[in-house]
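Welcome to a short set of exercises on reading a protein model. Keep the viewer open and try each task before you look at its solution.

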Amino acid sequence: MAFDKKEQDRKDSRDTYYWLKAHHRCTRCWKQDAYTLKGKIYCYECTEKRKEEYSLNKQKHAERHKSYIFNLINKGLCPRCRKPTDRQGKICTECLAKRRVQTKAKDIERRRKKQIENNINFPRGENGFCYLCNKRPAMDGRKLCSECYDKICANAAKGREHIDYQNQFWRQDNKLCFSKRQIKEVR
């Protein structure tokens, strides 16, 4: 079996990595203690350096990717599948159809999650809980809990106080329509 230098280097670097990690050393600079209580493998300084490098690389990558997409669109190619577009839009018809199906599926999933969160799937009042709040058990022979029932009774009493039965618009309309005055016929 031939000696493979790259494989040996990989094995050595892997062994070094695990040794540094086991002895709570930074795996990047090998100098400082890595604060491994939270499962970290880098010291504070190396972590900050990595964050800066990551943000710079992320910005550069985003700019390059954006210019690449604009170039594809200007050439008349679909940015998703790199095929020529047969319409004036940015995306070809096949990718547009796929995207519509995906967004529709995501919308359905989002609505389903919302229904589960709001307990809309359960028929209100039929599962033994209050029809309004759907939290407390309903009273015997009713579909409301005692607290919601008291609130509704109080609101109904307030509503009855403000009704003026003599000046209802429909009463005035009925007086006009059904009054017993005689209508003269025009001949």
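The exercises below go from the overall fold to single residues, each with a worked solution.

The model is a predicted one, in which local features need pLDDT of at least 70 and side-chain atom pairs count only at pLDDT 80 or more, while totals for chains, interfaces and linings use all residues. Residues are numbered from 1 along each chain as its sequence is written, and side-chain values use heavy atoms, with hydrogens and water left out.

**Exercise 1. The overall fold**

Work out how many helices and strands the protein has, and what share of its residues is buried.

Solution. Start with the secondary structure, where helices (H or I, at least four residues) and strands (E, at least two) are DSSP runs numbered from the N terminus. The protein has five helices and zero strands, so its elements read α-α-α-α-α from the N terminus on. Next, turn to burial: buried means under 20% relative accessible area, exposed over 50%, and partly exposed in between, with a 1.4 Å probe and protein chains only. By this scale, 12% of the 187 residues are buried.

**Exercise 2. The span of helix H2**

Compare the expected span of helix H2 with the distance between its end C-alpha atoms.

Solution. First, take the rule: the expected span is 1.5 Å times one less than the number of residues. Helix H2 covers residues 44-75, which makes 32 residues and an expected span of 46 Å. Then check the model, in which the end C-alpha atoms are 47 Å apart, in agreement with the expected value. Now look at the sides of H2, where Cys-46, Thr-47, Ile-69 and Leu-72 are buried. Finally, step past the end of the helix: Gly-76 follows H2 and has a positive phi, near 85 degrees.

**Exercise 3. Salt bridges**

Find how many salt bridges the structure holds, and place three of them, Glu-48 with Lys-51, Glu-94 with Lys-83 and Glu-147 with Arg-136.

Solution. A salt bridge is a side-chain nitrogen of Lys or Arg within 4 Å of a carboxyl oxygen of Asp or Glu. The structure holds five of them.

- Glu-48 and Lys-51 form a salt bridge at 3.9 Å, N to O. Both residues sit in helix H2, three residues apart, or about one turn of the helix. Glu-48 is partly exposed at 27% relative accessibility, and Lys-51 is exposed at 52%.
- Glu-94 and Lys-83 form a salt bridge at 3.7 Å, N to O. Glu-94 belongs to helix H3 and Lys-83 to the loop between H2 and H3, so the pair ties together parts that are eleven residues apart in sequence. Relative accessibility is 47% for Glu-94, which is partly exposed, and 45% for Lys-83, also partly exposed.
- Glu-147 and Arg-136 have their closest N and O atoms 3.5 Å apart. This pair links distant parts of the chain, with Glu-147 in helix H4 (residues 146-161) and Arg-136 in the loop between H3 and H4, eleven residues apart. Glu-147 is partly exposed at 43%, as is Arg-136 at 28%.

**Exercise 4. Positive phi outside glycine**

Locate His-24 and Arg-82, and state the phi of His-24 and of Arg-82.

Solution. Begin with His-24, which lies in the loop between helix H1 (5-22) and H2. His-24 is not a glycine, yet its phi is positive, about 55 degrees. At 40% relative accessibility, His-24 is partly exposed. Move on to Arg-82, in the loop between H2 and H3. The phi of Arg-82 is also positive, near 65 degrees, in a residue other than glycine, and Arg-82 is partly exposed at 37%.

**Exercise 5. Surface patches**

Identify which residues form the positive patch and which form the nonpolar patch.

Solution. Patches are made of residues with over 30% relative accessible area and no salt bridge; like charges are joined within 9 Å, and nonpolar side chains (Val, Leu, Ile, Met, Phe, Trp, Tyr) within 5 Å. Lys and Arg count as positive and Asp and Glu as negative, while His and the chain ends are not counted. Each charge is placed at NZ of Lys, CZ of Arg, CG of Asp or CD of Glu. Areas come from the Shrake-Rupley method with a 1.4 Å probe, and for residues only the protein chains shown count as cover.

The positive patch consists of Arg-80, Arg-87, Lys-98, Arg-99, Arg-100 and Lys-106. Lys-106 lies in helix H3 (residues 93-118) and is exposed at 54%. The nonpolar patch consists of Tyr-131, Leu-132 and Ile-152, with about 270 Å² of accessible area together. Ile-152 lies in helix H4 and is partly exposed at 37%.
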